[in-house]
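Open the model in your viewer, have the selection tool ready, and follow along one stop at a time.

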Amino acid sequence: MYGRLGSCLLVLATLTLVAAEPEPADGKLAEAAKALPARLESERPLLFIPKLVAPKDLTGDMKDPVWAKAASLNMVAIDGEAIVPAKLPTTARIFCSDDALLFGIHAEDSDSSKCVTSNNEPWQNDSIECFLYAGESSSGGKLYYQIAIDVDKKTRFIHAHMYPLHNWRRLEVPWNPSIDCEVTKAKDDKSWTMEFKVKFSDLDLTDDAKAKKSLWRLHLVRNRPNRGDMPEQAYAWMPTDKTRQNHLPWRWGYIIPEQYASPELIASTVERGKGLTGAAAPSSETLTRVTDATVEFTSDDFATREGASRRILALIDHKRPMALAVQDLLKKTVAESSDSEVKFRAIQILRACHDIVDPDDDPLPPELNF
């Protein structure tokens, strides 16, 4: 009797364990996601994050076969105005499970045994920073997440909205997530890898994200302090600007975690991409009209100057390709001209272009607007 009862309990326990294993995704969403555009407005990259069965434990070496199935991105840098490949190749792989986002970073290095870890803040050391907002727009003071982890696994977690364009004013609340992390250095000292996991339960998702109706925002950064053999380096999935300022959430990339995706979200994002790629670039004749109008900025007649500004704004007419082209022309005008009227009118139009190119810019919320 006791033996039969023990056998039944063993079978029941086995069934319970099997039932607790996360189910792999059915592949339908991942198949539909192949039609997603690589980029959306403001040239922000877009990445579909597949749902996979996570390993039981993180090891830091990215040798588990699951990482080969994850979404992949290469970090880049800014050299002057140009986006260029990282001098030290850095690759990130990302997937999600039922309960978390998982990140794997492979960072090449000239001598990983000399990684800097002595500074107080992890982002001042050889480290990875992850900026995340579980929704499409954090504009208006919605708090986003910053996770900084150095190669010694020293961490800093911040839940805030910072305003670097407004003297670093900030809104902030305490945040203490349970971030799992492991780091491994290669035996030849030529690279290091990091694996870390961010639990969905530690994130305050927007209502649309919970309803699987929203894109998310992500910014990944690798910091490498000056070690003598190479000056300080900073790489990112998509650098936000030439200042390497990270706290510009409206310029971060987009992700769609499969755990929070739906056929409707995939379809609507595909349509958004079609609308952007279908926009025609301005013709050379149109750009000549813009250039000719800027010459009239120097006219002695106010009505002529004002008319030239209005003609350029009418040509832009909220068309993003046109705004981008006019931006390039007028930035050059501002840099090369010594005429204050030319600079003044060019800057006014550049502001209008900025509102079109970066529509999700970040005004101060009322509580900080003093």
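Start with the contacts across the whole protein chain: of those between residues at least 6 apart in sequence, 68% join residues at least 24 apart. Keep in mind that this is a predicted model. Zoom out until the protein chain fits the window; its C-alpha atoms fill a box of roughly 105 × 50 × 40 Å along the principal axes. Switch to a cartoon view, where eight helices and 16 strands make up the secondary structure. If you colour by accessibility, 48% of the 370 residues count as buried.

**Stop 1: a five-stranded sheet**

Select β3, β6, β7, β13 and β12, which is their order across an open sheet with antiparallel pairing. Which strands stand at the edges? They are β3 (71–74) and β12 (180–185); each has a single partner strand, so one side of each is left without a neighbour in the sheet. Look along the sheet to see the twist, which averages 15° from one strand to the next.

Now narrow the selection to β7 (residues 100–108) and β13 (residues 191–199). Nine bridges join these two antiparallel strands. Show side chains for two of the facing pairs: Leu102 stands opposite Lys197 of β13, and Ile105 has Met194 as its bridge partner in β13.

Stay on β13 and turn to β12. How many bridges pair β12 with β13? There are six, again in the antiparallel sense. Met194 appears here too, with Val183 standing opposite it. Met194 of β13 is therefore a handy residue to label, as it faces Ile105 and Val183, while β13 as a whole has eight of its nine residues buried, so the strand is largely enclosed by the rest of the structure.

Follow the chain from β12 into β13 and you trace a hairpin with five residues between the strands. Pick Asp189 in that turn: its phi is positive, at about 60°.

**Stop 2: Asn223 and its surroundings**

Next, select Asn223, which lies in strand β14 (residues 216–224). Is Asn223 buried or exposed? Its relative accessible area is 11%, under the 20% cut-off, so Asn223 counts as buried. Display the residues around Asn223: leaving out those up to four places away in sequence, it touches Trp123, Asn125, Asp126, Ser127, Glu129 and Gln233. Draw a distance to Trp123, whose backbone oxygen lies 3.5 Å from a polar atom of the Asn223 side chain.

**Stop 3: two loops between strands**

Move to Ser137, in the loop between β8 (127–133) and β9 (144–150). Ser137 counts as partly exposed, at 24% relative accessibility. The Ser137 side chain reaches the backbone nitrogen of Ser139 at 3.3 Å. For a longer distance, pick the C-alpha atoms of Ser137 and Lys153: they are separated by 30 Å, with the two residues 16 apart along the chain.

Then select Asn167, in the loop between β10 (155–163) and β11 (169–173). Asn167 is exposed, at 71% relative accessibility. Check its backbone as well: phi of Asn167 is near 60°, a positive value in a residue other than glycine.

**Stop 4: a helix pair and a neighbouring threonine**

Finish among the helices by selecting α6 (residues 302–316) and α7 (residues 320–336). The pair packs at an angle of about 140°, with the axes 8 Å apart. The two helices are therefore oblique to each other. Which residues make the contact? On α6 they are Ile312, Leu315 and Ile316, and on α7 they are Met322, Ala323 and Val326. Sorted by type, the contact residues are six nonpolar, no polar and no charged.

Between α6 and α7, click on Asp317 in the loop. Asp317 has a positive phi near 45°, in a residue other than glycine, and is partly exposed, with a relative accessible area of 45%.

For the last selection, go to Thr286 in helix α5 (residues 284–295). Thr286 is buried, at 18% relative accessible area. The Thr286 side chain makes a polar contact with the side chain of Ser283, at 2.9 Å. Beyond four places in sequence, Thr286 is in contact with Leu315 and Met322, residues that also take part in the contact of α6 with α7.

Terms used:
Residues numbered from 1 in each chain as written. Predicted model: local features only at pLDDT ≥ 70, side-chain atom pairs only at ≥ 80, totals over all residues. Heavy atoms only, no water. Axes fitted to C-alpha atoms, helices over the stretch in contact; angles between N-to-C directions. Helix = DSSP H or I, 4+ residues; strand = E, 2+ residues; numbered from the N terminus. Parallel < 35°, antiparallel > 145°, perpendicular 65-115°, else oblique. Contact = heavy atoms within 4.5 Å. Nonpolar A, V, L, I, M, F, W, Y, C, P; charged D, E, K, R; others polar. Buried < 20%, exposed > 50% of the residue type's maximum accessible area, 1.4 Å probe, protein only. Polar contact = N/O pair within 3.5 Å; in protein donor to acceptor, adjacent residues only side chain to side chain. Pairing = 2+ DSSP bridges.
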